[in-house]
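User: I would like a close look at a single part of this protein, taken slowly and with the supporting values. Please explain how that part is held to the rest of the chain.

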Amino acid sequence: MTIDHRPDTWRTTVTPRILYTRLALAEVIPWTLLILGMIGKYAFGLDWATMVGGSIHGFVFLCYSATTLAVWTDKRWSPATGVLGLASAVIPYATVPFERSVEHRGLLEGPWRLGPGGDQPRSLPERALAFALRSPVVALLVALVVIAVVFSLLLMAGKPTEWFS
């Protein structure tokens, strides 16, 4: 039996910094589409415009939120930093300055702490993340299904402005 000593290229290539930076920037596009959709709806009567922008924004919002939770857990962010990261997705374009802030403070440094060959997980969130990092294909499929289910439930719930009326 031979032991493969090659480095895990996924763990060293898709670092928390790369993943978080890309998703923070990706949030800009759906916000722009949603704002343009709102202009289209209220200035030109194009009711469908907010549905398109809002749906894309909702999906990317959920992906960004899941990534924020993963990085928060892996990098042991303070509760205030983690909550601020989640809140940044609610304010148009705020994910970029937030990402720059945590990057500047060194909170995205290094590989995944809980990935293969990394630290042993201690809590339930750490165990879930460690499984996801050690089985990325399975985790990606599960995450996409969960996000799709949550996304579908939110679509069925209707417009956010009508949830509490």
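The following answer begins with one helix and its charged contacts and then turns to other parts of the chain.

User: Where does Arg-17 lie, and with which residues does Arg-17 form salt bridges?

Analyst: The model discussed here is predicted, and the values below are computed from it. Arg-17 lies in helix H2, which covers residues 16-26. At 31% relative accessibility, Arg-17 counts as partly exposed, because the partly exposed class runs between 20% and 50%.

One salt-bridge partner of Arg-17 is Glu-103, and the closest N and O atoms of this pair are 2.8 Å apart. Glu-103 belongs to helix H6, residues 95-104, so the pair ties together parts that are 86 residues apart in sequence. Glu-103 is itself partly exposed, at 25% relative accessibility.

Glu-109 also forms a salt bridge with Arg-17, with the closest N and O atoms 2.4 Å apart. Glu-109 is placed in the loop between H6 and helix H7 (124-134), so this contact with helix H2 ties together parts that are 92 residues apart in sequence. The relative accessibility of Glu-109 is 43%, and it therefore counts as partly exposed. In general terms, side chains of opposite charge can pair when their charged atoms come close.

The structure holds seven salt bridges. Another of them joins Arg-113 to Asp-119, whose closest N and O atoms are 3.7 Å apart. Arg-113 is buried, with a relative accessible area of 13%, whereas Asp-119 is partly exposed at 36%. Through salt bridges that share partners, Arg-76, Arg-113, Asp-119 and Glu-126 are joined into one network.

Helix H2 can also be described by its packing. Two packed helices are described by the angle between their axes and the distance between the axes. For H2 and H4, the axes come within 10 Å and cross at roughly 150 degrees. Angles over 145 degrees count as roughly antiparallel, and H2 and H4 are therefore roughly antiparallel to each other. The crossing in which H2 passes H4 is left-handed.

Helix H4 (48-75) leads on to the surface, for it is among the elements that give two or more residues to a nonpolar patch, along with helix H3 (28-44). This patch lies on the surface and has about 1,100 Å² of accessible area in total, with Ile-29, Leu-33, Phe-44, Trp-48 and Tyr-93 among its residues. H3 gives the most to the patch, with six residues. Ile-39, one of the patch residues, lies in helix H3 and is partly exposed, with a relative accessible area of 45%.

Ala-43 is also placed in helix H3. Its relative accessible area is 52%, so Ala-43 is exposed, the class that begins over 50%. The C-alpha atoms of Ala-43 and Ser-135 are separated by 48 Å, and these two residues are 92 residues apart along the chain.

To return to the request, Arg-17 in helix H2 is tied to Glu-103 in helix H6 and to Glu-109 in the loop between H6 and H7, while the axis of H2 comes within 10 Å of that of H4.

Note on methods:
Residues are numbered from 1 along each chain as its sequence is written. This is a predicted model: local features need pLDDT of at least 70, side-chain atom pairs count only at pLDDT 80 or more; totals for chains, interfaces and linings use all residues. Side-chain values use heavy atoms; hydrogens and water are left out. Patches are made of residues with over 30% relative accessible area and no salt bridge: like charges are joined within 9 Å, nonpolar side chains (Val, Leu, Ile, Met, Phe, Trp, Tyr) within 5 Å. Accessible areas come from the Shrake-Rupley method with a 1.4 Å probe; for residues, only the protein chains shown count as cover. A salt bridge is a side-chain nitrogen of Lys or Arg within 4 Å of a carboxyl oxygen of Asp or Glu. Helices (H or I, at least four residues) and strands (E, at least two) are DSSP runs, numbered from the N terminus. Buried means under 20% relative accessible area, exposed over 50%, partly exposed in between (1.4 Å probe, protein chains only). Axes are lines fitted to C-alpha atoms, for helices over the stretch in contact, and angles run from 0 to 180 degrees between N-to-C directions. Angles under 35 degrees count as roughly parallel, over 145 as roughly antiparallel, 65 to 115 as roughly perpendicular and the rest as oblique. A crossing is left-handed if the near helix is turned anticlockwise from the far one by less than a right angle, and right-handed if clockwise.
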